[in-house]
Structures are given as structure tokens and as C-alpha cells.
Amino acid sequence: MSGAVGFDLDMTLIDSRPGIRETYRALTALTGVHVDADLAVSRLGPPLRTELRHWFAEEAVEEAVTTFRGLYPDHAVTPSRPMPGAVEALAAVRAAGLRVVVVTSKLGRLARLHLDHLGLRADELAGDLFAEGKASALVEHGVRWYVGDHAADMVAARTAGVPGIGLITGPCSERELWEAGASHVLSDLTTFPALLSEIAVGSERSSG
């Protein structure tokens, strides 16, 4: 099994904010519980339950999760788009002889809808994982670097014992990513292929 590069999904590979915003608005219309959709999409990363607890009483959270996920395919998938450099980043991984592994807090079947819609092919997909919880999937799938936009992604990489590559395309600042243990911080994925060419060669040399 060849090595792999792991990627988070939301605000790393895809900009899912427009569709998730519409899904929250649909949730408000259906339940009568106000969710500030703009605020909610400004802090994507943590599990859905974490966000819904800001708006729903604890005893209503699980039902809200189920309702949101039921609305998701019809509202969230079509408006999503690749993040700048995402297509080229995945191509660079494969050109380096590595696999693409997506590890996300989003439910796996919903993440797959996004990837399929945008033609972003992942060799492996692990969903419903966050922070340290992502580490087991990173190890299982032979991930050698993990790319994400959230401080929790850097925690995941650190827990798995691999370098974390932070992107300042999501809710976390450059400082927050460094403080969470990032080995590299990039403005977006457009510079990732150049970085990969450097670190992949360095890794091969060190392991050879």
C-alpha cells in the first residue's frame, strides 16, 4: 500500500458554505428554531451537533441533527464548489505516487455526495470524525501528511504522529494553526503542489 496524503473536506477541499447556509435556513423554516446561518457557516469544522447546540435545547439536538441531514442532499450539495487549487492538489498527490484520503467530521455518505458532484476522487473516505478522533483513520490509511483548515485538524495530525499542513481558508488564523502544531501553514491549496514536491522528496530521502 502506497503512502497517502490526507485532506479535510469543508473549507479545505470544498467551499460548502453556500449550500450549508441554505440547509440551515431550511432547518429554521421547518423547525421554527432560528439558526443564524451566516454565523454557523463562518465556523465550519466541528461536528454538526456542536453547532446545533448553540441553537437547540439539548433534548432537541439529536432530532435536529437527523432533520438537518435529511435536508442536506437537496440543499447543500449542488451549490458547493472546489476550493482554489483543490483539483491541482489532488492531481499532485497522485503524480507523486500517493493516494488521496479524505477524513472529515461530515457524515461519510454526505461527504461522498460532495466529492462525486465535484468530481474530486478520493481513494479512501472516513467520516464523522473530529480532532483526535481522526487520528485512527489517518494511521489506518497510511496518511503521511494531513491537510486541513482547522486547529483540530492539526491536533489530529499530531495525534497520528504525522505533519499537519494548515490552510488559512477556514475559521482558524495562521497563529491558531501554528499553535495547534502545524508543520506548515499555507494561504490556500494553490501552493500545495510545490510544498508536496519538497516534502515528499525529503521524506523519501530520509526513509531511503
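Student: Why are helix 1 and helix 4 called oblique to each other?

Tutor: This is a predicted model, and the angle is computed from it. The axes of helix 1 (residues 17-31) and helix 4 (residues 61-75) cross at roughly 130°. Over 145 degrees would count as roughly antiparallel, and 65 to 115 as roughly perpendicular. The crossing fits neither range, so helix 1 and helix 4 are oblique to each other.

Student: How do you know that helix 1 and helix 4 are in contact, and which residues make the contact?

Tutor: Contact means heavy atoms within 4.5 Å. On helix 1, the contact is made by Gly19, Ile20, Glu22, Thr23, Tyr24, Ala26, Leu27 and Leu30. On helix 4, the partners are Ala64, Thr67, Phe68, Leu71, Tyr72 and His75. The axes themselves come within 9 Å. The crossing is right-handed.

Student: What classes of residue make up the contact of helix 1 with helix 4?

Tutor: There are 9 nonpolar, 4 polar and 1 charged.

Student: What makes helix 4 and helix 6 roughly parallel?

Tutor: Again, look at the angle. Helix 4 and helix 6 pack at about 10°. Angles under 35 degrees count as roughly parallel. Helix 4 and helix 6 are therefore roughly parallel to each other. Their axes are 11 Å apart.

Student: Which residues meet where helix 4 packs on helix 6?

Tutor: Helix 4 brings Arg69, Tyr72 and Pro73. Helix 6 brings Arg109, Leu110, Leu113 and His114. By class, this contact has 4 nonpolar, 1 polar and 2 charged residues.

Student: How do you know that the buried residues of helix 6 line one face?

Tutor: Start with the list. In helix 6 (residues 108-118), Leu110, Ala111, His114, Leu115 and Leu118 are buried. Now look down the axis. These buried residues fall within an arc of 140°, so they line one face of helix 6. On the other side of the helix, Arg109 and Asp116 are exposed.

Student: What covers the buried residues of helix 6?

Tutor: The cover includes helix 4 and several strands. Those strands are strand 2 (14-15), strand 3 (81-82), strand 4 (99-103) and strand 5 (124-126).

Student: What follows helix 6?

Tutor: Gly119 follows helix 6, and its phi is positive, near 70°.

Student: What makes us say that helix 5 has its buried residues on one face?

Tutor: The reasoning runs through the arc again. The buried residues of helix 5 (residues 86-95) are Ala86, Ala89, Leu90, Ala92 and Val93. Seen down the axis, they fall within an arc of 155°, so they line one face of helix 5. After helix 5 comes Gly97, with a positive phi near 80°.

Student: Why point out the phi of Met11?

Tutor: Most residues other than glycine have a negative phi. Met11 is not glycine, yet its phi is positive, near 65°. Met11 is found in the loop between strand 1 (4-7) and strand 2.

Student: Why is Met11 called buried?

Tutor: Buried means under 20% relative accessible area. Met11 has 4%, so Met11 counts as buried.

Student: Where does Asp128 lie, and what is its phi?

Tutor: Asp128 lies in the loop between strand 5 and helix 7 (135-140). Its phi is positive too, near 60°.

Student: Why is Asp128 called partly exposed?

Tutor: Exposed would need over 50%, and buried would need under 20%. Asp128 has 44% relative accessibility, so Asp128 counts as partly exposed.

Student: What makes Arg81 partly exposed, and what does Arg81 touch?

Tutor: Arg81 has 41% relative accessibility, so Arg81 counts as partly exposed. Arg81 is in strand 3. Beyond residues up to four places away in sequence, Arg81 touches Leu13, Ile14, Asp15, Pro18 and Leu118.

Student: How do you know whether Trp145 is buried or exposed?

Tutor: Set its value against the cut-off of under 20%. Trp145 has 6% relative accessibility, so Trp145 counts as buried. Trp145 sits in strand 6 (residues 143-148).

Student: Which term fits Ser173, and where is Ser173 found?

Tutor: Ser173 has a relative accessible area of 33%, so Ser173 is partly exposed. Ser173 is found in the loop between strand 7 (164-167) and helix 9 (174-179). The C-alpha atoms of Ser173 and Asp149 are separated by 9.0 Å. Along the chain, Ser173 and Asp149 are 24 residues apart.

Terms used
Residues numbered from 1 in each chain as written. Predicted model: local features only at pLDDT ≥ 70, side-chain atom pairs only at ≥ 80, totals over all residues. Heavy atoms only, no water. Axes fitted to C-alpha atoms, helices over the stretch in contact; angles between N-to-C directions. Helix = DSSP H or I, 4+ residues; strand = E, 2+ residues; numbered from the N terminus. Left-handed = near helix turned anticlockwise from the far one by under 90°. Nonpolar A, V, L, I, M, F, W, Y, C, P; charged D, E, K, R; others polar. Buried < 20%, exposed > 50% of the residue type's maximum accessible area, 1.4 Å probe, protein only. Arc of directions from axis to C-beta.
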